[in-house]
Amino acid sequence: MAVTDLSGTSPDPAVTESRAAAEMVAELAGLDALETFPEPRPPLWLRAWSATWPKLMALAIAVLLWQCVVWSGWRPEFVLPGPATVFETLRELVGNPTLWDALGTTLLRGAWGFLLSVIIGVGIGLLVAGFPVVRTAVGSLITGLQTMPSIAWFPLAILLFKLSEAAILFVVVLGAAPSVANGLIHGIDHVPPVWKRAGRVLGARGLNAYWFVILPAAGPSFVAGLKQGWAFAWRSLMAGELIVVIANKQSIGGLLQTNRDLLDSAGLLAIMIVILVVGIIIDSLLFGTIERRLRRRWGLMAT
């Protein structure tokens, strides 16, 4: 028995087929509309300005608050000089080769110390994450070392290595390596088990499982550990250069100590600004770049 519509006539099979095809096209169009496409990236100058103006705004607010404290007369100006005096001293320092020699020495020490910290921290992190016996033995010890103030290691470092580069390097490594190890351990511990099973199904076993599944999945936590490790290394290095003064070798910490001895508050604050700027630049250019690439790879931001 033929099916009739409300008008009493049988529908044309061709019309019915075309109507079904139109409905299917509409449904597919709706599904296509659900797909998201990354927006085109803005030009380089706009991205640079977007990343710079918040920092400039924060700097302006900090300088304004600093000037207000100076105007309040809380401390004499020879003890707490204003921003104009300090920035003038900083301009003179930038033109002085002594600053660049000191900065080169400090950055070289920091690079070597951080590199050794990464090597040691990664080795310890892999051992702790891979072997339960090692985790039971030294897992909590790593956290204890991480929370220990770096300055507490210097008496032992001076006894072991005298006033030498090795003493500074010893404290920098002890300050940074636990953070690197804990970041890697935390990342490996939080890899979803289904990813590991999927890797085994695809043939990733043993070292291949670590290289292709576990370590990439632990990447964000590991980068966070690297950032924290660098922060500890930089702080430990500054403390070390204040305490362990090596003759005939300029450093940023040595310039800090010299300005303090000479009661040069403007020079002291200028060197502190240099330390702050170096930390911001390294975080933005090195770790910021690594974080952005990881976020793009994980689909957390537009590629």
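1. Let us start with S265, which is buried in this predicted model, with a relative accessible area of 17%. The cut-off for "buried" is under 20%, so 17% falls inside that class. You will find S265 in helix α12. Try locating L80 as well: the C-alpha atoms of S265 and L80 are separated by 6.6 Å, although the two residues are 185 residues apart along the chain.

2. Now step back to the overall fold. How many helices and strands does the protein have? The secondary structure comes to 12 helices and zero strands. Reading along the sequence, you meet the pattern α-α-α-α-α-α-α-α-α-α-α-α. Of the 303 residues in the protein, 32% are buried.

3. Aromatic rings deserve a careful look. A pair of aromatic rings is described by the distance of the centres and the angle of the planes. This structure holds six aromatic pairs. One of them joins F114 and W230, with ring centres 5.6 Å apart and planes at 85°. Why is this pair called edge-to-face? Planes over 60 degrees apart count as edge-to-face, and the planes here are at 85°, so the pair belongs to that class. The pair also links distant parts of the chain: F114 sits in helix α4 (residues 97-130) and W230 in helix α10 (residues 219-243), 116 residues apart.

4. Are F114 and W230 buried or exposed? F114 is buried, with a relative accessible area of 13%, and W230 is buried too, at 10%. These two rings also belong to a cluster: ring pairs link F114, W230, W234 and F287.

5. For another kind of geometry, turn to F161 and F170. Their rings form a tilted pair, 5.5 Å centre to centre, with 50° between the planes. F161 is partly exposed, with a relative accessible area of 33%. F170 is also partly exposed, at 23%. Both values lie between the 20% limit for buried and the 50% limit for exposed, so "partly exposed" is the right label.

6. A charged residue can also meet a ring. Which residue lies over the face of W74? It is R75, at 4.3 Å from the ring centre.

7. Next, take a look at the second largest pocket. About 220 Å³ of space lies in this pocket. Its lining consists of W211, L215, P216, G219, F222, L294 and R297. The elements that give two or more residues to this lining are α9 (207-217), α10 and α12 (265-297). Helix α9 gives the most, with three residues. What is the chemical character of the lining? Its residues divide into five nonpolar, one polar and one charged.

8. E241 is a good residue to inspect with side chains switched on. This residue has its place in helix α10. At 1% relative accessibility, E241 counts as buried. Its side chain has a partner: a polar contact of 3.0 Å joins the side chains of E241 and T106.

9. Two residues call for a check of their backbone angles. Most residues other than glycine have a negative phi, and most peptide bonds are trans. K162, however, has a phi near 60°, a positive value in a residue other than glycine. K162 lies in the loop between α6 (154-161) and α7 (165-189), and at 58% relative accessibility it counts as exposed. L263 also has a positive phi, near 55°. Where is L263 placed? L263 lies in the loop between α11 (252-261) and α12. With a relative accessible area of 72%, L263 is exposed; the cut-off for this class is over 50%, so both K162 and L263 meet it.

10. Finish with H190, which lies in the loop between α7 and α8 (193-201). At 54% relative accessibility, H190 counts as exposed. What does the side chain of H190 reach? It reaches the backbone oxygen of H186, at 2.8 Å. You can also compare H190 with S221: the two are 31 residues apart in sequence and 9.1 Å apart in space, C-alpha to C-alpha.

Key
Residues are numbered from 1 along each chain as its sequence is written. This is a predicted model: local features need pLDDT of at least 70, side-chain atom pairs count only at pLDDT 80 or more; totals for chains, interfaces and linings use all residues. Side-chain values use heavy atoms; hydrogens and water are left out. Rings of Phe, Tyr and Trp (its six-membered ring) pair if their centres lie within 6.5 Å; planes under 30 degrees apart count as stacked, over 60 as edge-to-face and the rest as tilted. Helices (H or I, at least four residues) and strands (E, at least two) are DSSP runs, numbered from the N terminus. Buried means under 20% relative accessible area, exposed over 50%, partly exposed in between (1.4 Å probe, protein chains only). A charge sits over a ring if NZ of Lys or CZ of Arg is within 6 Å of the ring centre and within 35 degrees of the ring normal. On a 1 Å grid over the protein atoms alone, a cavity is a set of points where a 1.4 Å probe fits but cannot get out, and a pocket is an open set with protein on both sides within 12 Å along at least five of seven lines; lining residues have an atom within 4 Å of a point. Grid points are joined across faces, edges and corners, and a volume is the space filled by probe spheres set on the points. Ala, Val, Leu, Ile, Met, Phe, Trp, Tyr, Cys and Pro count as nonpolar, Asp, Glu, Lys and Arg as charged, and the others, Gly among them, as polar. A polar contact is a pair of N or O atoms within 3.5 Å; within protein, one must be able to donate a hydrogen and the other to accept it, and residues adjacent in sequence count only if both atoms are side-chain atoms.
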